[in-house]
Amino acid sequence: MSARGRHKPAASAFLAFLGSEEAHRIQAEAGAANPAFLGTNDAYVEAIPEFSLDVFVDAAETARAYPASQNTSAWLRLEEPLFPKILGGDGRLEATAAELAERMDGVLADES
């Protein structure tokens, strides 16, 4: 929602609705999104039976929150040039991952 918006109360109410269980159910039934509320995934899986969407439901059991910081975009940009090395299968996975971690630690240290 824009801080300069002319319809802040309506926008705020709409954003609150989008985060509600009801909105998640609507999206699930349309096959548009896997809902974030526990116990509401069946509608998503059933919405598009030709796909094995249950893989996403099963993955939620071991899911972890996506990391974020004050300046997440700064360290995300560090990944881009290194991902080809990490995914390229050239045997440099550990070294490249260590390089990325070191660079990310530098960015995170600057946030403090």
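Modeller: Before we start, a word on terms: a residue counts as exposed when over 50% of its relative accessible area is open, and as buried when under 20% is. Also, keep in mind that this is a predicted model.

Colleague: Okay, helix 2 then. Which residues on the other side of helix 2 are exposed?

Modeller: Start with the buried set in helix 2, residues 21–29: A23, H24 and A28. They cover an arc of only 140° around the axis, so they sit on the same side of helix 2. On the other side, the exposed residues are E22 and E29.

Colleague: What do the buried residues of helix 2 pack against?

Modeller: We're talking about A23, H24 and A28 here. Their packing partners are helix 1 (8–18) and helix 3 (42–47).

Colleague: And which residue with a positive phi follows helix 2?

Modeller: Helix 2 covers residues 21–29. The residue to look at after helix 2 has a phi near 75°, and that's G31.

Colleague: Let's move to the largest nonpolar core. Which element gives the most to this core?

Modeller: The core has 8 residues in all: A74, W75, L78, L82, I86, L100, M104 and V107. Two elements give two or more residues to it, helix 5 and helix 6. With 5 residues, the one that gives the most is helix 5.

Colleague: Which residues does L100 touch, leaving out those up to four places away in sequence?

Modeller: L100 belongs to that largest nonpolar core. Its contacts include a charged residue, E79, which is found in helix 5 (residues 72–87). The full set is L78, E79, L82 and I86.

Colleague: Hm, E79. How far away is the nearest side chain of opposite charge?

Modeller: E79 is buried, and beyond its neighbours within four places in sequence it is in contact with L100 and M104. A salt bridge needs a nitrogen-to-oxygen distance within 4 Å, and E79 has none. The nearest side chain of opposite charge is R77, at 11 Å.

Colleague: E111 is also buried without a salt bridge, so which backbone nitrogen lies 3.1 Å from a polar atom of its side chain?

Modeller: E111 lies in helix 6 (residues 93–111), and the nearest side chain of opposite charge, R77, is 9.5 Å away. Not counting residues up to four places away in sequence, E111 touches S69, Q70, N71, T72 and W75. Among these, the residue whose backbone nitrogen lies 3.1 Å from a polar atom of the E111 side chain is Q70.

Methods
Residues numbered from 1 in each chain as written. Predicted model: local features only at pLDDT ≥ 70, side-chain atom pairs only at ≥ 80, totals over all residues. Heavy atoms only, no water. Helix = DSSP H or I, 4+ residues; strand = E, 2+ residues; numbered from the N terminus. Buried < 20%, exposed > 50% of the residue type's maximum accessible area, 1.4 Å probe, protein only. Contact = heavy atoms within 4.5 Å. Polar contact = N/O pair within 3.5 Å; in protein donor to acceptor, adjacent residues only side chain to side chain. Core = buried A, V, L, I, M, F, W, Y, C linked by side-chain atoms within 4.5 Å. Arc of directions from axis to C-beta.
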